[in-house]
Amino acid sequence: MKKALVVLVGLVLAVASPASSDVGGVEYDIVMKGKTLMGNGVKTQFFAKGKMTLDSGTEWVSTANWSPAGDRVLTTSFDGSTRIWDASSGELLLEFGGHENSVFSGKWSPDGNWIVSTDPNGETVIVWEAETGEEIWRLDLPGAVANWSPDGSRVVIADWDGYASIRDSATGEMLLDLTEDDPTFMEGIAWTGDGTKIATFSEGNGWILDTSTGEVIVELSSGFTSSVWDVYWSPEEDRIFAVGGDGTYRVFDSATGVELLVYDLGHWPVGALSPDGTQIAIGTGEGKTGLYPTWLTTEQLIAYAKECCLVHEL
């Protein structure tokens with residue numbers, strides 16, 4: 001089986017390329033080169049393995065995302081660089097210069113035509129054309145998190161000050177204000193496949209929201225004690241997988257909000273769900289990376305939990 005692996009320096013984001021993205025039938029690896037904050041200093045790390053190296057920044061690499069077709073890779077860095085690379089050759093295709101400070105995140109639109117990127121320090125959120133770098137629209141706000149709806153017609157944006165909104169992706173017009181009376185910063189965000197709900201976390205607390213009204217549908221009974229940046233729905237959307245800065249990976253029942261299972265993984269993990277939704281790859285700040293099951297059904301998960309971890313059944 002052909003494979004494609006992306007490894008980031010420091011902030012390890014395991015990103016799986018779609019099966020259709022195999023380039024020339026050749027197995028290949030991509031390795032990001034940059035600086036990462038480690039302890040009290042800055043250390044430069046280089047990975048020896050890999051048929052190509054992308055010079056993706058001089059500071060912390062904050063994003064590495066495959067395009068939907070798997071033919072390009074988007075990288076963003078805290079040095080302000082935002083770059084698009086050819087996945088088969090490693091050639092730099094485009095460098096976007098719209099941000100002046102650290103770029104916190106970058107996301108492809110579902111069709112691969114547009115990118116939304118955020119610069120919280122420079123207080124800009126920009127949607128731009130992936131082929132030409134032409135700016136479509138920008139917002140002057142300290143946005144840190146942005147995520148497209150599955151059909152690409154909307155984008156949800158959350159900023160450092162606790163304000164969140166759903167915007168028209170073509171114009172930036174606000175469609176729905178998600179800000180609460182007592183704003184708290186919205187962290188990881190994940191849409192359902194039909195775009196009717198989002199799962200999100202803030203300061204360790206989780207909710208499922210209606211994307212047409214902003215109302216809370218389910219409150220997630222979260223045991224997280226820190227930020228939660230990586231959030232995913234299961235393929236059947238009956239469970240939610242979330243990875244928190246407190247070192248835990250947690251699974252929730254999306255109908256009830258009940259926490260079903262907790263893995264204690266260690267220092268500041270980050271995760272990425274496999275394309276088929278059967279595994280989640282999680283790397284930690286201690287340099288460890290593992291593949292963890294997501295289970296096909298909630299019943300399978302419960303059976304596993306009883307077998308491995310049950311102390312006393314009530």
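**Exercise 1. Work out how the side chains of Asp 246 and Arg 250 meet, and how buried or exposed the two residues are.**

Step 1: the side chains of Asp 246 and Arg 250 form a salt bridge, with 3.8 Å from N to O. The rule asks for a side-chain nitrogen of Lys or Arg within 4 Å of a carboxyl oxygen of Asp or Glu.

Before going on, keep in mind that this is a predicted model, where local features need pLDDT of at least 70, side-chain atom pairs count only at pLDDT 80 or more, and totals for chains, interfaces and linings use all residues. Residues are numbered from 1 along each chain as its sequence is written, and side-chain values use heavy atoms, with hydrogens and water left out.

Step 2: check the accessibility. Buried means under 20% relative accessible area, exposed over 50%, and partly exposed in between (1.4 Å probe, protein chains only). Asp 246, at 22%, is partly exposed, whereas Arg 250, at 8%, is buried.

Step 3: look for a ring. Arg 250 also lies over the face of Phe 224, 4.9 Å from the ring centre. For that call, NZ of Lys or CZ of Arg has to be within 6 Å of the ring centre and within 35 degrees of the ring normal.

**Exercise 2. How many salt bridges does the rule give, and which residues do Arg 138 and Asp 238 pair with?**

Step 1: the count comes to 7 salt bridges.

Step 2: take Arg 138. Its side chain meets that of Glu 135 at 3.0 Å, N to O. Arg 138 is partly exposed at 35%, and Glu 135 is partly exposed at 34%.

Step 3: now Asp 238, which bridges to Arg 239 at 3.2 Å, N to O. Here Asp 238 is partly exposed at 24%, but Arg 239 is buried at 0%.

**Exercise 3. Find the aromatic pairs and describe how the rings of Phe 96 and Trp 128 are arranged.**

Step 1: searching the whole structure turns up 7 aromatic pairs. Rings of Phe, Tyr and Trp (its six-membered ring) pair if their centres lie within 6.5 Å; planes under 30 degrees apart are stacked, over 60 edge-to-face, and the rest tilted.

Step 2: Phe 96 and Trp 128 have ring centres 4.1 Å apart and planes at 0°, so they're stacked. Phe 96 sits in strand E9 (residues 92–96) and Trp 128 in strand E12 (residues 124–129), so this pair ties together parts 32 residues apart in sequence. Strands here are DSSP runs (E, at least two residues), numbered from the N terminus. Both Phe 96 and Trp 128 are buried.

Step 3: compare Phe 201 and Phe 252. Their ring centres are 5.8 Å apart with planes at 50°, so that pair is tilted. With Phe 201 in strand E19 (residues 197–202) and Phe 252 in strand E24 (residues 248–253), the pair ties together parts 51 residues apart in sequence. Phe 201 is buried at 0%, and Phe 252 is buried at 0%.

**Exercise 4. Which members of the largest nonpolar core touch the most other members?**

Step 1: a nonpolar core is a set of buried Ala, Val, Leu, Ile, Met, Phe, Trp, Tyr and Cys residues joined through side-chain atoms within 4.5 Å.

Step 2: of the 15 residues in the largest one, Val 156, Leu 178, Met 186, Ile 189 and Ile 198 touch the most other members. Strands that each supply at least two residues of this core include E14 (143–148) and E15 (154–159).

Definitions and conventions
Helix = DSSP H or I, 4+ residues; strand = E, 2+ residues; numbered from the N terminus.
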